[in-house]
Amino acid sequence: MSSVTSTLGPKGLEGVVATSSTICYIDGDRGVLAYRGIDIHELADHSSFEETCYLLWFGRLPNQSELKDLKERLAQERHLDPAIIGLLRSVPSSALPMDVMRTAVSALGIYDADEKNNDHDANVRKAIRLTSQIPMLVAAYDRIRKGKPVVEADRSMSHSGNFLWQLNGTKPSSTAERALDIALILHADHELNASTFAARVTAATLSDMHSAITSAIGALKGPLHGGANEAVFRILDAIYRKKADPVEHIREMLAQKKKVPGFGHRVYHTEDPRATHLRAMSRDLGQSSGQPQWYEMSEKIEAFVRAEKKLNANVDFYSASTYHVLGIDEDMFTPVFAVSRISGWAAHVIEQLDDNRLIRPRADYQGPEYPSHYVAIEKR
Ligand SMILES: CC(C)(COP(=O)(O)OP(=O)(O)OC[C@H]1O[C@@H](n2cnc3c(N)ncnc32)[C@H](O)[C@@H]1OP(=O)(O)O)[C@@H](O)C(=O)NCCC(=O)NCCS
């Protein structure tokens, strides 16, 4: 029936290798994640988000002047066209931050001087610009919807520090700034996850960076991908409000055959290495902020799900309690994921366009037999 000659791959393309890449290495059996060969644990301990961006975009660690230069370029790009702020003001305040970000990133392309230029250097410039603009969009919309004034960017601050400043209107503590910085490093790239694949598919048509990133944001939103961190917090919050037993709440979910957000992974068959750091951050920030309850509930849920379902916590499970303690609203968690992942998406778009071929797989046709004939409407 089908004209497709090769065999149908596994549902959801599980285990299918769709491209070669030099950006991100994952060993799902050993729980290894590395950017350009450098283990995520080393980067989380020693690097900064800006340095990680350099590593992803330029393929190696920068020297001091290269890092200084990139930090300056990122800081210089901290401005949004007034028309974009106007757009953020024009949407209903009930609009989800993730939807507003997707729409605004699409609109940013219209104002980008490099919009129609797909060469390597233009793509690097767009990567830098979008990495600076996305956190500004997220922070500005959150303030606008709460009736607060938009905070001017501070070009002397780090990327993470400036985001918290523009979000909260107060200078963050060094602990909060570093915690967010580590979270951004941990979320920066993850090989061919669904949103990155979406970005590469769009880029591969020779569309453009902004279209690719808009596709990626749409894919990230879903609860099976980046949207899981918001879903995790909604569960923690419901348990807390009802003063319920976390284990009983999750037992009930499993009894109803519901998936527990923040658990399981398509690639990792052991601990997600990002969860290791986020667990510790959630614990430490919870203690230092006087809100240990979120970590304590999470810990009980993790132990139960591991014992009951043999599933490990993924990146989204402890990022929920971490972001909450950092004062970030739950519907902003997935946008904060994008504040980081823009770096990896952009690296993949650059790599795709540097050596492009259209991504166009086939489907195994299972529909009505061919030929089936057209029947005039009056005879049906
Ligand atoms: C991440 C995820 C989409 C991977 O999905 P996948 O590779 O397609 O795996 P499946 O959904 O086919 O799951 C395999 C089995 O484990 C179970 N499972 C997987 N994740 C589960 C979860 N979070 N809670 C309960 N059961 C889960 C499935 O029900 C399935 O069981 P079955 O074989 O008895 O039907 C999946 O684990 C999930 O939905 N997790 C929750 C959402 C989430 O945290 N997403 C963020 C990922 S970083």
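Here are four short exercises on this structure, each with a worked solution.

Before you start, note that this is a predicted model, in which local features need pLDDT of at least 70, side-chain atom pairs count only at pLDDT 80 or more, and totals for chains, interfaces and linings use all residues. Residues are numbered from 1 along each chain as its sequence is written, and side-chain values use heavy atoms, with hydrogens and water left out.

**Exercise 1. The ligand site**

Find which residues surround the ligand, and describe the shell by class.

Step one: 17 residues surround the ligand, where a residue counts if one of its heavy atoms lies within 4 Å. The closest are Lys 259, Val 260, Gly 262, Phe 263 and Arg 266.

Step two: sort the shell, which has eight nonpolar, five polar and four charged residues. In this scheme Ala, Val, Leu, Ile, Met, Phe, Trp, Tyr, Cys and Pro are nonpolar, Asp, Glu, Lys and Arg are charged, and the others, Gly among them, are polar.

**Exercise 2. Polar contacts of the ligand**

List polar contacts of the ligand (pairs of N or O atoms within 3.5 Å).

Step one: look at the backbone. A ligand nitrogen lies 2.8 Å from a polar backbone atom of Phe 263, and a ligand nitrogen is 3.0 Å from a polar backbone atom of Leu 224.

Step two: turn to a side chain. Asn 314 has a side-chain N or O atom 2.9 Å from an oxygen atom of the ligand.

Step three: add the covered area. Taken alone, the ligand exposes 860 Å², and the protein buries 62% of that; these areas come from the Shrake-Rupley method with a 1.4 Å probe.

**Exercise 3. Leu 88**

Decide whether Leu 88 is buried or exposed, and name its contacts.

Step one: locate Leu 88 in helix 4 (residues 82-90).

Step two: Leu 88 counts as buried because its relative accessibility is 1%, and buried means under 20%.

Step three: leaving out residues up to four places away in sequence, Leu 88 touches Val 100, Ala 104, Leu 137, Ala 140, Tyr 141 and Ile 144. Contact here means heavy atoms within 4.5 Å. Leu 88 and Ile 144 are 56 residues apart in sequence, with 7.5 Å between their C-alpha atoms.

**Exercise 4. Asp 112**

Place Asp 112 and trace its surroundings.

Step one: Asp 112 sits in the loop between helix 5 (97-110) and helix 6 (120-145).

Step two: with 9% relative accessibility, Asp 112 counts as buried.

Step three: a polar side-chain atom of Asp 112 lies 2.8 Å from the backbone nitrogen of Asp 114. Beyond neighbours within four places in sequence, Asp 112 contacts Lys 126, Arg 129 and His 210.

Definitions and conventions:
Polar contact = N/O pair within 3.5 Å; in protein donor to acceptor, adjacent residues only side chain to side chain. Helix = DSSP H or I, 4+ residues; strand = E, 2+ residues; numbered from the N terminus. Buried < 20%, exposed > 50% of the residue type's maximum accessible area, 1.4 Å probe, protein only.
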